[in-house]
Amino acid sequence: KGAAVFSGAGTDHVAQADVAGVIAAYEEQCGAIERLGGRIILMASRALAAAAQSPEDFGRVYDRILGQVKQPVILHWLGEMFDPALEGYWLGGARRRAGTPDHAAAMEVCLDVIRRNAAKVDGIKISLLDKDKEIVMRRKLPKGVRMYTGDDFNYAELIAGDDQGFSHALLGIFDAIAPAASYALSRLAAGDEAGFHDV
């Protein structure tokens, strides 16, 4: 009772679409979730990765969807190490097919979208398996927008944080280690960072 339930909204029900079709697909899934009173995690879209020709195409889609949602969403930037079809996400076109991921350029596009829509973004989960990139982005987020870690290798360090901030826990590995994770987080909340890391 009283818990917020987030559900992933994506475009997985369309194999291919142009940018307008991607918008329509996102609208369909977001609408279904909101009609049930749920909160939205806006998933990365394979269809958008294939259709977008420029960073502006990503901005057009995300601005449209974020402008319509009823409550702030969590964005999910899933990297190509998890899904090769998402290589070059946030960039599009020739930059997507360059063969060398340009996460720094993609991050700036994503941050621009977040800054324009900060009131509709609860936070972003990035899954790039690179703690340094996560920390760089975390420090650039607008005030009030959370970083949710998706780093299955470095999550303890990222959750503990540093003098400039920390990442919130939202990652699948916690399902397998739930009792230990719960106890570790209770130690961190009590100010026992050494105990947190030991667990």
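**Note on helix packing and cavities**

1. The crossing of α1 and α3 is right-handed, and this statement, like the others below, refers to a predicted model. The axes of α1, which covers residues 19–35, and α3, which covers residues 55–68, come within 10 Å and cross at roughly 25°. Angles under 35 degrees count as roughly parallel, and α1 and α3 are therefore roughly parallel to each other.

2. On the α1 side, the contact with α3 is made by Val19, Ala20, Val22, Ile23, Tyr26, Glu27 and Cys30. The α3 side supplies Asp57, Arg60, Val61, Tyr62, Arg64, Ile65 and Gln68. Sorted by class, the residues of the contact of α1 with α3 comprise nine nonpolar, one polar and four charged.

3. Helix α3 also packs against α5, at an angle of about 30° and with the two axes 10 Å apart, which makes α3 roughly parallel to α5. The crossing in which α3 passes α5 is right-handed. From α3, the residues Pro55, Gly59, Tyr62, Asp63 and Leu66 take part, meeting Val109, Val113 and Arg116 of α5. The class count for the contact of α3 with α5 is five nonpolar, one polar and two charged residues. Tyr62 deserves a separate mention, since Tyr62 is listed in the contact of α3 with α1 and also in the contact of α3 with α5.

4. A further helix pair is formed by α5 and α6, the latter spanning residues 131–140, whose axes come within 11 Å and cross at roughly 30°. By the limit of 35 degrees, α5 and α6 are therefore roughly parallel to each other, and α5 passes α6 in a right-handed crossing. In α5, His103, Met107, Glu108, Cys110, Leu111, Ile114 and Arg115 meet Lys133, Val136, Met137 and Lys140 in α6. The residues of the contact of α5 with α6 divide by class into six nonpolar, one polar and four charged.

5. Turning to internal space, the structure holds two cavities of 30 Å³ or more, and about 50 Å³ of space lies in the largest cavity. Which residues line the largest cavity? Its lining consists of Trp77, Leu78, Gly79, Glu80, Leu86, Gly88, Tyr89, Pro101, Asp102, His103 and Ala106. The elements that give two or more residues to this lining are β3, at residues 73–78, and α5, at residues 103–116.

6. By class, the lining of the largest cavity has six nonpolar, three polar and two charged residues. His103 links two of the points above, because His103 of α5 meets α6, where contact means heavy atoms within 4.5 Å, while His103 is also one of the residues lining the largest cavity. Helix α5 therefore appears in the contact with α3, in the contact with α6 and among the elements that contribute to the cavity lining.

Notes. Residues are numbered from 1 along each chain as its sequence is written. This is a predicted model: local features need pLDDT of at least 70, side-chain atom pairs count only at pLDDT 80 or more; totals for chains, interfaces and linings use all residues. Side-chain values use heavy atoms; hydrogens and water are left out. On a 1 Å grid over the protein atoms alone, a cavity is a set of points where a 1.4 Å probe fits but cannot get out, and a pocket is an open set with protein on both sides within 12 Å along at least five of seven lines; lining residues have an atom within 4 Å of a point. Grid points are joined across faces, edges and corners, and a volume is the space filled by probe spheres set on the points. Helices (H or I, at least four residues) and strands (E, at least two) are DSSP runs, numbered from the N terminus. Ala, Val, Leu, Ile, Met, Phe, Trp, Tyr, Cys and Pro count as nonpolar, Asp, Glu, Lys and Arg as charged, and the others, Gly among them, as polar. Axes are lines fitted to C-alpha atoms, for helices over the stretch in contact, and angles run from 0 to 180 degrees between N-to-C directions. Angles under 35 degrees count as roughly parallel, over 145 as roughly antiparallel, 65 to 115 as roughly perpendicular and the rest as oblique. A crossing is left-handed if the near helix is turned anticlockwise from the far one by less than a right angle, and right-handed if clockwise.
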